[in-house]
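Let's take a walk through this protein together, one piece at a time. Keep the 3D view open and turn it as you read.

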Amino acid sequence: MGLLDGKVAIVTGASMGIGEAVAQFFAAAGARVALAARSEAAIGELAERIRRAGRDAIAIPTDVTNEASVQELVAKTVERFGQLDCAVNNAGMNPSFFGPIEEYPMDEFRAICDVKVYGVAYCVKHEIAAMKAAGRGGSIVNHSSIVGLRGNVAGERGIYPAASMSQAAVVGLTMAAAASSAQFKIRVNALAIGAVATGHLGSLPAEERARYDEHVPLGRLAGGEDVAAACAYFCSDLSSWVTGTLVPIDGGQLA
């Protein structure tokens with residue numbers, strides 16, 4: 001039996017990186033997966049790969065900054081699979097500016113918050129509503145970051161005002177949602193994720209990659225599967241008495 005057999009999961013930001021790894025991990029663990037991202041082609045190709053592996057997945061193009069789009073994502077998932085048991089709210093936006101708040105371009109600040117604050121809030125709102133309506137309980141994992149707990153990260157490019165604020169907001173939302181939904185057997189937890197070898201970091205030459213690895217106490221950047229495994233634990237019945245927590249997945253960086 002798989003860890004997530006019989007469960008239906010939504011994964012946002014599933015077109016690449018951590019989200020793609022989570023979707024593949026969940027499918028392999030037995031879940032039926034709704035893949036959400038703006039890139040219809042990317043999530044369509046991933047859904048096809050999952051189906052070729054003998055698992056079940058559906059691609060639902062979604063813009064998490066648009067509440068109606070998120071509401072449609074949840075509705076289509078329930079329509080297709082008949083239920084919603086868990087969700088991983090992973091969608092995010094990488095900052096292009098690294099520096100102090102007094103120099104920060106506020107248009108980018110708002111754009112990041114649209115995705116990471118309002119986007120996560122829209123997802124949590126409609127995921128919980130669907131889970132409450134079904135009366136089956138459920139589990140939600142929100143992706144935050146260690147930059148929401150500290151203003152900068154040693155060995156990286158410096159200060160992250162918008163990212164730090166938005167990721168801290170995810171933590172606050174997680175705690176509030178956990179407190180209000182526990183009576184319905186809906187659990188809400190967050191991961192504070194450190195440096196992960198996907199995207200830009202994953203494509204670095206070996207020598208440059210090694211400089212990033214040096215700043216992680218466990219000696220390496222995370223792989224997408226490291227984060228996916230933690231998500232699977234929180235979405236499985238193994239964590240049935242865990243809610244309102246923030247767990248660092250960072251190789252010891254906060255330590």
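Start at Q83, which sits in the loop between α3 (67-81) and β4 (86-89). This is a predicted model, so keep that in mind for every value that follows. Is Q83 buried or exposed? With a relative accessible area of 14%, Q83 is buried, because the cut-off for that label is anything under 20%. Its side chain has a polar partner too: one of its polar atoms lies 3.1 Å from the backbone oxygen of G6. If you skip the neighbours within four places in sequence, Q83 is in contact with G6, K7, V8, R32, T77, V78 and R136.

Now step back to the helix on one side of that loop, α3. Its axis and that of helix α4 (residues 106-134) come within 9 Å of each other and cross at roughly 35 degrees. The crossing of α3 and α4 is right-handed. Which residues do the touching? On the α3 side you'll find E67, V70, Q71, V74 and V78, and they meet Y122, C123, K125, H126, E127 and A130 of α4. Sorted by class, the contact between α3 and α4 has 6 nonpolar, 2 polar and 3 charged residues.

On the other side of the Q83 loop comes β4, and that takes us to the sheet. Here 7 strands make an open sheet, in the order β3-β2-β1-β4-β5-β6-β7, with parallel pairing. At the edges are β3 (57-61) and β7 (246-249), each of which pairs on one side only. From one strand to the next, the twist averages 20 degrees. As a bit of background, strands of a sheet pair through backbone hydrogen bonds, either parallel or antiparallel.

Let's look at the partners of β4. Strand β1 (residues 8-12) pairs with β4 in the parallel sense over 3 bridges, and A9 stands opposite C86 in β4. Helices pack against this sheet as well. Helix α1 (residues 17-28) lies across β1, β2 (32-37), β4, β5 (138-145) and β6, and runs at about 170 degrees to β1. Helix α2 (residues 40-52) touches β2 and β3 as it packs on the sheet, with its direction making about 175 degrees with that of β3.

The pairing of β4 with β5 is also parallel, this time over 4 bridges, and V88 stands opposite V141 in β5. How many residues of β5 are buried? The count is 8 of its 8 residues, so the strand is mostly covered. In a regular strand the side chains alternate between the two faces of the sheet. You can follow that along β5: G138, I140, N142 and S144 point one way, S139, V141, H143 and S145 point the other way, and all are buried.

Finally, go back to helix α4 and find K132. K132 is partly exposed, with a relative accessible area of 43%. Leaving out residues up to four places away in sequence, K132 touches F184 and I186. K132 and I186 are 54 residues apart along the chain, yet their C-alpha atoms are separated by 7.9 Å.

One more stop is K185, in the loop between α5 (161-181) and β6 (186-193). K185 has a positive phi of about 60 degrees, although K185 is not a glycine. Why does K185 count as exposed? Its relative accessibility is 65%, and the label applies because that value is over 50%.

Technical notes
Residues numbered from 1 in each chain as written. Predicted model: local features only at pLDDT ≥ 70, side-chain atom pairs only at ≥ 80, totals over all residues. Heavy atoms only, no water. Helix = DSSP H or I, 4+ residues; strand = E, 2+ residues; numbered from the N terminus. Buried < 20%, exposed > 50% of the residue type's maximum accessible area, 1.4 Å probe, protein only. Polar contact = N/O pair within 3.5 Å; in protein donor to acceptor, adjacent residues only side chain to side chain. Contact = heavy atoms within 4.5 Å. Axes fitted to C-alpha atoms, helices over the stretch in contact; angles between N-to-C directions. Left-handed = near helix turned anticlockwise from the far one by under 90°. Nonpolar A, V, L, I, M, F, W, Y, C, P; charged D, E, K, R; others polar. Pairing = 2+ DSSP bridges.
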